[in-house]
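Colleague: I would like a close look at one part of this model. Please pick a strand, go through it in detail, and then place it in the rest of the fold.

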Amino acid sequence: MIKRLDKLEVATSDLADASSIYAKNFGFAVTRSADGKSATVRVGGAEIRLIAQAIDSSSEGMIGLWLEADDVEQVVAKFHMAGLDAGKIEIESGRRILTIDPKLANQVPLYIFDRKA
(Lines give C-alpha, C1' and ligand atoms only; values in the text may rest on other atoms or scores of the structure.)
Protein backbone atom coordinates (compact mmCIF):
# COMPACT_ATOMS: atom_id res chain seq x y z
CA MET A 1 0.00 0.00 0.00
CA ILE A 2 2.67 2.57 1.04
CA LYS A 3 5.59 2.41 -1.38
CA ARG A 4 8.19 4.64 0.16
CA LEU A 5 9.14 7.62 2.25
CA ASP A 6 9.20 10.58 -0.13
CA LYS A 7 10.00 13.65 1.93
CA LEU A 8 10.45 14.86 5.48
CA GLU A 9 9.87 18.60 5.96
CA VAL A 10 11.70 20.35 8.79
CA ALA A 11 11.11 23.94 9.93
CA THR A 12 14.19 25.91 10.93
CA SER A 13 14.79 29.45 12.14
CA ASP A 14 18.32 29.45 10.65
CA LEU A 15 18.49 27.81 7.23
CA ALA A 16 22.23 28.34 6.82
CA ASP A 17 22.97 26.67 10.17
CA ALA A 18 20.61 23.76 9.54
CA SER A 19 22.10 23.24 6.08
CA SER A 20 25.63 23.26 7.45
CA ILE A 21 24.73 20.65 10.06
CA TYR A 22 23.62 18.19 7.38
CA ALA A 23 26.70 18.94 5.27
CA LYS A 24 29.36 18.96 8.03
CA ASN A 25 28.01 16.34 10.41
CA PHE A 26 26.64 13.83 7.91
CA GLY A 27 28.44 14.63 4.65
CA PHE A 28 25.25 15.24 2.68
CA ALA A 29 25.13 17.57 -0.30
CA VAL A 30 22.68 20.39 0.40
CA THR A 31 20.94 22.20 -2.45
CA ARG A 32 19.52 25.65 -1.69
CA SER A 33 16.36 26.76 -3.46
CA ALA A 34 16.53 29.68 -5.89
CA ASP A 35 14.44 31.85 -3.55
CA GLY A 36 16.64 31.07 -0.53
CA LYS A 37 13.67 29.95 1.59
CA SER A 38 14.45 26.22 1.64
CA ALA A 39 17.15 23.65 1.07
CA THR A 40 17.02 20.01 0.08
CA VAL A 41 19.09 17.09 1.30
CA ARG A 42 18.73 13.88 -0.73
CA VAL A 43 18.96 10.62 1.17
CA GLY A 44 18.63 7.67 -1.17
CA GLY A 45 15.30 8.04 -2.97
CA ALA A 46 13.91 10.42 -0.34
CA GLU A 47 14.65 13.98 0.69
CA ILE A 48 14.79 16.14 3.78
CA ARG A 49 13.45 19.60 2.99
CA LEU A 50 14.62 22.34 5.33
CA ILE A 51 12.21 25.26 5.35
CA ALA A 52 13.11 28.68 6.76
CA GLN A 53 10.40 30.02 9.03
CA ALA A 54 10.18 32.95 11.43
CA ILE A 55 10.06 30.81 14.58
CA ASP A 56 12.11 30.50 17.74
CA SER A 57 14.48 27.55 18.00
CA SER A 58 12.17 25.70 20.42
CA SER A 59 9.59 25.42 17.61
CA GLU A 60 12.00 23.90 15.08
CA GLY A 61 11.37 20.38 13.92
CA MET A 62 9.30 18.18 11.67
CA ILE A 63 6.37 19.88 9.96
CA GLY A 64 5.52 17.27 7.35
CA LEU A 65 6.04 13.61 6.55
CA TRP A 66 5.27 12.65 2.95
CA LEU A 67 4.66 9.02 2.01
CA GLU A 68 4.02 7.75 -1.49
CA ALA A 69 1.35 5.10 -2.00
CA ASP A 70 0.42 2.99 -4.98
CA ASP A 71 -3.16 4.23 -4.69
CA VAL A 72 -4.49 6.71 -2.11
CA GLU A 73 -8.00 5.37 -2.59
CA GLN A 74 -6.75 2.07 -1.12
CA VAL A 75 -5.37 4.02 1.84
CA VAL A 76 -8.75 5.71 2.35
CA ALA A 77 -10.48 2.30 2.17
CA LYS A 78 -8.12 0.91 4.85
CA PHE A 79 -8.88 3.89 7.08
CA HIS A 80 -12.62 3.35 6.63
CA MET A 81 -12.24 -0.37 7.41
CA ALA A 82 -10.55 0.68 10.66
CA GLY A 83 -13.46 3.02 11.45
CA LEU A 84 -11.43 6.18 10.79
CA ASP A 85 -12.14 9.18 8.58
CA ALA A 86 -9.14 9.72 6.32
CA GLY A 87 -10.39 13.01 4.89
CA LYS A 88 -10.71 13.90 1.24
CA ILE A 89 -8.26 13.47 -1.60
CA GLU A 90 -7.04 16.70 -3.20
CA ILE A 91 -5.22 17.05 -6.50
CA GLU A 92 -2.08 19.18 -6.71
CA SER A 93 0.94 19.18 -9.04
CA GLY A 94 -0.05 15.92 -10.74
CA ARG A 95 -0.53 14.08 -7.46
CA ARG A 96 -3.56 12.97 -5.47
CA ILE A 97 -2.84 13.97 -1.88
CA LEU A 98 -4.50 12.73 1.28
CA THR A 99 -3.85 14.92 4.33
CA ILE A 100 -4.14 12.78 7.45
CA ASP A 101 -5.36 14.46 10.64
CA PRO A 102 -2.34 14.57 12.99
CA LYS A 103 -4.52 13.09 15.76
CA LEU A 104 -4.57 9.86 13.72
CA ALA A 105 -0.79 9.80 13.22
CA ASN A 106 0.69 10.39 16.68
CA GLN A 107 0.56 14.18 16.14
CA VAL A 108 2.68 13.91 12.96
CA PRO A 109 1.64 16.12 10.01
CA LEU A 110 1.23 13.25 7.51
CA TYR A 111 0.59 13.45 3.77
CA ILE A 112 0.05 10.38 1.62
CA PHE A 113 0.03 10.76 -2.14
CA ASP A 114 0.06 8.90 -5.41
CA ARG A 115 0.85 10.06 -8.93
CA LYS A 116 -2.50 9.18 -10.52
CA ALA A 117 -3.88 12.71 -10.92
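Modeller: First, the terms. Helices are DSSP runs of H or I with at least four residues, strands are runs of E with at least two, and both are numbered from the N terminus. On that basis the protein has 2 helices and 8 strands. This is a predicted model, so everything below describes a prediction. Read along the sequence, the elements follow the pattern β-α-β-β-β-β-α-β-β-β. The C-alpha atoms fill a box of roughly 45 × 25 × 25 Å along the principal axes. Of the 117 residues, 35% are buried.

My pick is strand β7, residues 95–100. Of its 6 residues, 5 are buried, so the rest of the structure largely encloses this strand. In a regular strand, side chains alternate between the two faces of the sheet. Keep the burial count for β7 beside that general rule: 5 of 6 residues are buried.

Now the neighbours. Strand β6, residues 89–92, runs antiparallel to β7, and 4 bridges join the two. Ile 89 has Leu 98 as its bridge partner in β7. Further along, Ile 91 stands opposite Arg 96 in β7. β6 and β7 form a hairpin with 2 residues between the strands. Ser 93 in that hairpin takes a positive phi near 50 degrees.

β7 also pairs with strand β8, residues 110–114. These two run antiparallel as well, with 5 bridges joining them. Here Arg 96 of β7 comes up again. It stands opposite Asp 114 in β8. So which residue deserves the closest look? I would take Arg 96, which faces Ile 91 in the pairing with β6 and Asp 114 in the pairing with β8.

The side chains of Arg 96 and Asp 114 meet too. They form a salt bridge, with the closest N and O atoms 2.5 Å apart. This pair links distant parts of the chain: Asp 114 sits in strand β8, Arg 96 in strand β7, and they are 18 residues apart. Are the two partners buried or exposed? Asp 114 has a relative accessible area of 0%, so it is buried. Arg 96 has 12%, and because the cut-off for buried is under 20%, Arg 96 is buried too. Elsewhere, salt bridges that share partners join Lys 3, Arg 4, Asp 6, Glu 68 and Arg 115 into one network.

One link in that network can be taken apart. Arg 4 bridges Asp 6, with the closest N and O atoms at 2.6 Å. Arg 4 is partly exposed at 27% relative accessible area, while Asp 6 counts as buried at 10%. In total, the count comes to 12 salt bridges.

Another contact lies beyond β8. Lys 116 forms a salt bridge with Asp 71, the closest N and O atoms being 3.4 Å apart. Lys 116 lies in the segment after β8 and Asp 71 in the loop between β5 and α2, so the pair ties together parts 45 residues apart in sequence. At 48% relative accessibility, Lys 116 is partly exposed. Asp 71 is buried at 14%.

For comparison, look at the hairpins earlier in the chain. Strand β2, residues 30–32, pairs with β3, residues 38–43, in the antiparallel sense over 3 bridges. Thr 31 has Thr 40 as its bridge partner in β3. The hairpin of β2 and β3 has 5 residues between the strands, and Gly 36 in its turn has a positive phi of about 75 degrees. β3 then pairs antiparallel with β4, residues 46–52, through 6 bridges. Val 43 stands opposite Ala 46 there. This hairpin has 2 residues between the strands, and Gly 44 in the turn has a positive phi of about 60 degrees.

Last, some surface charge. Asp 14, Asp 17, Asp 56 and Glu 60 form a negative patch. Asp 14 lies in the loop between β1 and α1. With a relative accessible area of 37%, Asp 14 is partly exposed. Its C-alpha atom is 12 Å from that of Ser 58, and the two residues are 44 apart along the chain.

Back to the chosen strand: β7 has antiparallel partners in β6 and β8, and its Arg 96 holds a salt bridge to Asp 114.

Notes:
Residues numbered from 1 in each chain as written. Predicted model: local features only at pLDDT ≥ 70, side-chain atom pairs only at ≥ 80, totals over all residues. Heavy atoms only, no water. Pairing = 2+ DSSP bridges. Patch = residues over 30% accessible without salt bridge, like charges linked within 9 Å, V, L, I, M, F, W, Y side chains within 5 Å. Areas by Shrake-Rupley, 256 points an atom, 1.4 Å probe, with all protein chains shown as cover. Salt bridge = Lys/Arg side-chain N within 4 Å of Asp/Glu carboxyl O. Lys, Arg positive; Asp, Glu negative; His and termini not counted. Charge placed at Lys NZ, Arg CZ, Asp CG, Glu CD. Buried < 20%, exposed > 50% of the residue type's maximum accessible area, 1.4 Å probe, protein only.
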